[in-house]
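Biologist: Could you walk me through this one? I would like to hear the reasoning behind each label.

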Amino acid sequence: MNKNELKPAVVFDEFAKINQIPRPSKREEKMIEYLKNWGKSHGLDTQVDETGNVIIRKPATKGMENRKTTILQSHMDMVCDKLVDVDFNFDTDPIKTYIDGEWLTAEGTTLGADDGIGCAMELALLGSDDIEHGPIECVFTRDEETGLTGAEGMKAGFMTGDYLINLDSEDEGEIFVSCAGGRNTTAKFAFKKEDAPAGSFFIRAQLKGLVGGHSGDDINKQRANAIKLLGRFLYQTINKYEGVRLAQFNSGKMHNAIPRDGMFVIAVPNAVKENVKADWNIFASQVEEEFCVTDTQMVWTMESTEAEPVIESGVARNFIFALQAVDNGIYAICQDPALNGMVETSSNIASIETFDTEIKIVSSQRSNVMSNLDNMCATIGACFRLAGAEVKHSDGYPAWKMRSNSDLQRIVKASYVKLFGKEPVVRGIHAGLECGLFSERYPNLDMVSFGPTLRFVHTPDERLHIPTVQMVWDHLLDVLKNIPQK
């Protein structure tokens, strides 16, 4: 298969154009301008709100004028991550894609199909002249990936439709009707740097090649977390040898991704340097055995490095103890049988950065039950506070509760059965969708979410399953044909 054979061609053509436009979260100005010009050039009512969300309205096709209005919604920003040895500027460079069997992926970077493929479907629909539909509103929100601030800033009345189809899901054949709420917890350890003890030997250790993934939708897959693994080795080391000093620790990039690589620099007494290296090799072998199913490409390196100032010992010790102690992964499973054993509450240690006078840790908590979200945030915060850190929680975003007696769910499900001869899976997702915020601002809006199959989102391994794009496109068009009258 080559790119000219991708189907539906109209969708993949729009996606290719979108991937020429830099659109990092919070820096979507070029994409906003592109969408605004696109709508106006097609003679469609186009508006941009004060937050930067774009809405493009298209009238109904002939004979469908009396149907209820359907909103199609995607987010315009993308997670920007790349392999450590790839030279790429997400503010200027176009995404370079290639076909790998039945999958579309990118050369060493995130693909941007989350949620560029949803945006592409909306534009393909807006630009068509041969698709039956009632009145539609295509909405493109900004900054979904780093806090859902586009949806948060949208005022009531910007959208006017009766039904909303969110095109930001990642498993074809699954219809999402509920999502988790989420908040971030940031912990900062302040310190003073000092000289390492005389006779110290400096070591730089690095772990890379982990699978990583989305910290909500992939948390149930029990994938390795680079921060927790490196912290675990440091905890063992400082308890085994006297005089070990931490100089820096850096890992992870995005608050909503499981960290896939990381590094630390330590100073150890010269007399035990070989012991530490041997411990590293043993530890690597043990961890590889633990994660032999999920993470099969781990790369462990340890080498000598130049001397540098170290973090004062008390702060470093508390920081390492906190990393060992802090909860990470699944905390609770949903009790509602309709949600079929979905993760209810979780936490993910997402990133660590070492600065001149502080270490900053960002973690992400999620839950479909808001009281348990508060409890999970309190648990993480208490751990870091006990270790002496300054802790702050973000405002976060609400959960989207499953709606009983949903007309849209019935239409979407019946359409899927008719097209594909099988029942779709109706479920919730342990990730934040903008539907949670919409449900607060538009309490009567009937919503579902579906989309083509994506894998390894939020990582440079992100890939889009090509055949499912046609399936979702066919499904979407059939749903629009069956929207009821007002």
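Modeller: Happily, and remember that this is a predicted model. Let us start with an open sheet of four strands, ordered S4-S5-S25-S24, with antiparallel pairing.

Biologist: What makes strand S4 and strand S24 the edge strands?

Modeller: Strand S4 (97-100) and strand S24 (454-455) each pair on one side only.

Biologist: How do you know that S24 and strand S25 pair?

Modeller: Pairing needs at least two bridges, and two bridges join S24 to strand S25 (residues 463-465). Arg455 stands opposite Arg463 in S25.

Biologist: Why is Cys377 in no disulfide?

Modeller: A disulfide needs sulfur atoms within 2.5 Å. The closest cysteine sulfur to that of Cys377 is in Cys383, 14 Å away, so the gap is too far for a bond.

Biologist: And why is Cys377 called buried?

Modeller: Buried means under 20% relative accessible area; Cys377 has 1%, so the label fits.

Biologist: What makes Asp143 and Lys26 a salt bridge?

Modeller: The cut-off is 4 Å between nitrogen and oxygen, and their closest N and O atoms are 2.9 Å apart, so the pair qualifies. Asp143 and Lys26 are 117 residues apart, and the pair links distant parts of the chain.

Biologist: Is Lys26 buried, exposed or partly exposed, and why?

Modeller: Exposed means over 50% and buried under 20%. Lys26 has a relative accessible area of 47%, so Lys26 is partly exposed. Asp143, at 2%, counts as buried.

Methods:
Residues are numbered from 1 along each chain as its sequence is written. This is a predicted model: local features need pLDDT of at least 70, side-chain atom pairs count only at pLDDT 80 or more; totals for chains, interfaces and linings use all residues. Side-chain values use heavy atoms; hydrogens and water are left out. Buried means under 20% relative accessible area, exposed over 50%, partly exposed in between (1.4 Å probe, protein chains only). A salt bridge is a side-chain nitrogen of Lys or Arg within 4 Å of a carboxyl oxygen of Asp or Glu.
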